[in-house]
Amino acid sequence: MSCIDPILLNDWYIVGKAEDIQPGTIKPVRLLGEDIVVWRGSSLESPVLAWQDWCPHRGVPLSLGKIVGDRLACRYHGWQYDKTGQCVCVPSLPTQSPPVNAHVKTYKCQESSGYIWANLGDFPRQLPAFPNNPDHRQFVAEPYYISSSPFRVMENNLDMSHPAFLHEGTIGDPNFPLVEDYEVNAEKDRIVIRNIQSWQVGANYTNIKTLSKINISSLIINYPLSMTAVKEIEDSNEKIYVFINITPIEEEKSVMWISFAMNYGHEIAESEMQTYTDKVFREDVFILESQRPARLPLLYQKDTDPQWPPEVHVRCDKASVVYRRWLKSLGITFGVC
């Protein structure tokens, strides 16, 4: 991982839903090109841990192993590792102490906002947080795996002119494509976008196909691959908080995680929410996987790929333009071109 941008290494990324990492669970994941094993011991009090998916004995993935109490045992020779990553048992030599250097590389791991988060760096930034209001309807969607740059995926969520066309029949109407002018400001550590007004069908994430004017009163990017937005529906009191995080698997492979908190809709079944969300975001997956180049082109690049001419921008793309400039100022090289 020596070539990974430091700011990306020190950010937090979702590696699973909290409800999916029950006691006794072992889950292999890939993050920033690194194979990780996420696991929890057999008791309810066992913490969730994230390690390099590699046994130091003979290089076998530990994700192939099994849980033994609060230890993770390798499938190949049964070596057992405690929660610190230290080997504490070599079954073939029961009377001898395990080698001191038999230690798995461990990473930081936390549970928050309904997710399990991992951090591969030495200087982790603050964990992204989602508003937790017990009066709101909470929904954590299933993840979307996308063969595209994580930054392409993130930028798509800032693009307010595509729903009228890409999402025609779900949330878009090509007869109402107008995106009014909005505010966007890049600060040192974040981008703040305000007052994005456009039209959507079924803007409240229900199957009621009503055309409504929406206002994204704020959209804040505190991390290169994490954003929180507040969407308000005109002529109603309905408000939706949206939490989107992109996990970078590889430079051209990503996972998109989405959560909602709504001040209405407690009666809506979770299955109905998931079905509706799938209809919308699978359209995004389809188009994202078609984009070329798959990596996000940053502005003012010196080494432009001659196969692809520079992309063209218009006024309603200014959030994307500011995002690309901000990434460049942060020194991002992973997943961009």
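How many disulfides does the structure hold? The answer is 0 disulfides, and the close-up views described below are all taken from a predicted model.

**View 1. The cysteines Cys74 and Cys55, with Cys316.** The closest cysteine sulfur to that of Cys74 belongs to Cys55, and because the two sulfur atoms are 3.9 Å apart, they are too far from each other for a bond. The cut-off applied to such a pair is 2.5 Å, and the structure accordingly holds 0 disulfides. Cys74 has a relative accessibility of 6% and therefore counts as buried, whereas Cys316, at 25% relative accessibility, counts as partly exposed.

**View 2. The aromatic cluster around Trp117.** Ring pairs join Tyr115, Trp117, Phe130, Phe243 and Trp257 into a cluster, and the count of aromatic pairs comes to 9. In one of these pairs, Tyr115 and Trp117 meet edge-to-face, with 6.1 Å from centre to centre and an angle of 85° between the planes; Tyr115 and Trp117 are both buried. The pair of Trp117 and Phe243 is tilted, because the planes of the two rings stand at 45°, while their centres are 6.3 Å apart. Since Trp117 belongs to strand E10 (residues 115–119) and Phe243 to strand E18, this pair ties together parts that are 126 residues apart in sequence. The relative accessibility of Trp117 is 0%, so that Trp117 counts as buried, and Phe243 is likewise buried, with a relative accessible area of 1%.

**View 3. The largest cavity and its lining.** The structure holds 3 cavities of 30 Å³ or more, and the volume of the largest cavity is about 320 Å³. Its lining is made up of 21 residues, and those lying nearest the centre of the cavity are Asn157, Met160, Gln200, Tyr205 and Phe281. Two or more lining residues are given by each of strand E16 (211–223), strand E17 (226–233), strand E18 (239–250) and helix H4 (270–288). Sorted by class, the residues of this lining comprise 13 nonpolar, 5 polar and 3 charged.

**View 4. The largest pocket and its lining.** The largest pocket has a volume of about 260 Å³, and 15 residues line it, with Arg152, Glu155, Asp159, Gln291 and Arg324 closest to its centre. At least two residues of the lining come from each of helix H2 (150–156), H4 and helix H5 (318–329), and H2 provides the largest share, namely 3 residues. The lining of the largest pocket divides by class into 6 charged, 5 polar and 4 nonpolar residues. Helix H4 thus appears in two of these views, since H4 gives two or more residues to the lining of the largest cavity and supplies at least two residues of the lining of the largest pocket.

**View 5. Lys318 and the ring of Tyr182.** Lys318 is placed over the face of Tyr182, at a distance of 5.1 Å from the ring centre.

**View 6. Met227 in strand E17 and its separation from Met154.** Met227 lies in strand E17, one of the strands that give two or more residues to the lining of the largest cavity. With a relative accessible area of 3%, Met227 is buried. Along the chain, Met227 and Met154 are 73 residues apart, and in space their C-alpha atoms are separated by 8.5 Å.

Terms used
Residues are numbered from 1 along each chain as its sequence is written. This is a predicted model: local features need pLDDT of at least 70, side-chain atom pairs count only at pLDDT 80 or more; totals for chains, interfaces and linings use all residues. Side-chain values use heavy atoms; hydrogens and water are left out. Buried means under 20% relative accessible area, exposed over 50%, partly exposed in between (1.4 Å probe, protein chains only). On a 1 Å grid over the protein atoms alone, a cavity is a set of points where a 1.4 Å probe fits but cannot get out, and a pocket is an open set with protein on both sides within 12 Å along at least five of seven lines; lining residues have an atom within 4 Å of a point. Grid points are joined across faces, edges and corners, and a volume is the space filled by probe spheres set on the points. Helices (H or I, at least four residues) and strands (E, at least two) are DSSP runs, numbered from the N terminus. Ala, Val, Leu, Ile, Met, Phe, Trp, Tyr, Cys and Pro count as nonpolar, Asp, Glu, Lys and Arg as charged, and the others, Gly among them, as polar. Rings of Phe, Tyr and Trp (its six-membered ring) pair if their centres lie within 6.5 Å; planes under 30 degrees apart count as stacked, over 60 as edge-to-face and the rest as tilted. A charge sits over a ring if NZ of Lys or CZ of Arg is within 6 Å of the ring centre and within 35 degrees of the ring normal.
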